[in-house]
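Colleague: I should be grateful for a close look at a single strand of this chain and at the elements around it.

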Amino acid sequence: MNRLFIGSLHYLGLIEFAINRTIGNYKPSWDNMKKDGTLPLPFYLNAILTQRCNLNCIMCHEQGNPKSRELELSTDQIFKLIDNAGPVRVAAVTGGEILIRSDIWEILGYLDSRNIELKISTNAYAVTDAIADRIAGFRHIGNVAISIDGPELIHNAIRGRKDAFKRTTEAIRLFKKRGLRVSITSVLQPDNVDSMGEILETCHALRVDRVSIIPFTYKKPGEEALVQKMFPGCTVRLPEKADTYRPFTEKQLEAVKAAIKRYRARGLLSLFYPPFVGNHTGAYVADRPIAGSFVCKQFYQLFVNEQGKMYPCPFLDKSFGDIHTRPVAELWNSDELRDFRKTVALGNLFPFCRRCCALHRL
Ligand code: SF4
Ligand code: SF4
């Protein structure tokens, strides 16, 4: 699909329509989840392969986690995990930084040999011509996901390296030269909220295929205790900010929306997540509840960490079993997980969910 055509689709609002249709399709199973907690087996695997990383970003959710090769699954255990993942057809592999794993090509090759679409997430800092060639060589490569968090100085400050922007943009050029689809994520935060236009300009110039702008997610004091009360032992892996903390103002968010609209008209597929915020900017920045029933897309995905443990979402530290030792079909609708889902769905999720990009309104 050419960029001009995508631009026209955006202009007509059809992309939003397609997203809303997709979310609408979740409704029967989400309603069902409120009754008995069951969900159909997932076809989308979201796998953290390592916590280790060559960058040190200020908004990193993985910062507090122990990082060592010894804590990670071995190559054979990851093969077992893939075998146990049942009907999975798409695998998003992420970290930490996946290129740090010396066995990354074996893992990606194993997924590829099973006709599973690959979505590769990298900070791109270590990407070379040879690495871009290897990634482009997979039969089932879907896209490469990379982050750009600002113009050069801001990106480097956020990412903790003076040459991060230069290396990242060069890696994007290497991927695009090979015809790969590149999607960019930008985490909206106080340091870069006024630079979204420049980020979109960079993405447009680099001919990236898609840009997702997502808010910085945090928890407020008291929210962790609420979760612990509901589910003893379940911790929340989000930075805690004061009750008065606001990452941006309504005016700033409106400017971000205007920049998105401008670049859409120029053919850049750009989206803000969560998508419903566009109509509730004031309530969103003031962190006021927004009326309606909500669904978390993450609940439909098989989310596993570098130890093979299955989690309900990237930010909740509660394991529901090891996928490298047991098939997903045995664990996915276990009594414990069904109880958990039911409670969360009936409570309309957690308070911090309304600051998360995975939230959608039914
Ligand atoms: S690149 Fe990703 S995993 Fe690494 S420090 Fe930055 S946010 Fe964390
Ligand atoms: S919406 Fe809530 S449950 Fe879903 S991924 Fe975000 S924090 Fe987790």
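Modeller: The account below concerns one strand and its neighbours.

This is a predicted model, in which local features need pLDDT of at least 70 and side-chain atom pairs count only at pLDDT 80 or more, while totals for chains, interfaces and linings use all residues. Residues are numbered from 1 along each chain as its sequence is written, and chains are lettered from A and ligands numbered from 1 in the order in which they are written.

The chain holds 13 helices and 13 strands; these are DSSP runs numbered from the N terminus, helices being H or I of at least four residues and strands E of at least two. Strand β6 covers residues 210-215. In a regular strand the side chains alternate between the two faces of the sheet. On β6, V211, I213 and P215 form the covered face, whereas R210, S212 and I214 form the uncovered one.

Strand β5 (residues 182-188) pairs with β6 in the parallel sense over 6 bridges, where pairing requires that DSSP find at least two bridges between the strands. In this pairing T185 stands opposite S212 of β6. From β5 the chain passes through helix α8 (residues 196-205) to β6, a β-α-β crossover that is right-handed; that is, with the strands pointing away from the viewer, the path from the first strand over the helix to the second runs clockwise.

Strand β8 (residues 270-272) also runs parallel to β6, joined to it by 3 bridges. Here I213, a residue of the covered face, stands opposite F272 of β8.

Key: A residue is buried if 20 or more other C-beta atoms lie within 10 Å of its own, exposed if 12 or fewer, and partly exposed in between; C-beta atoms are placed from the backbone.
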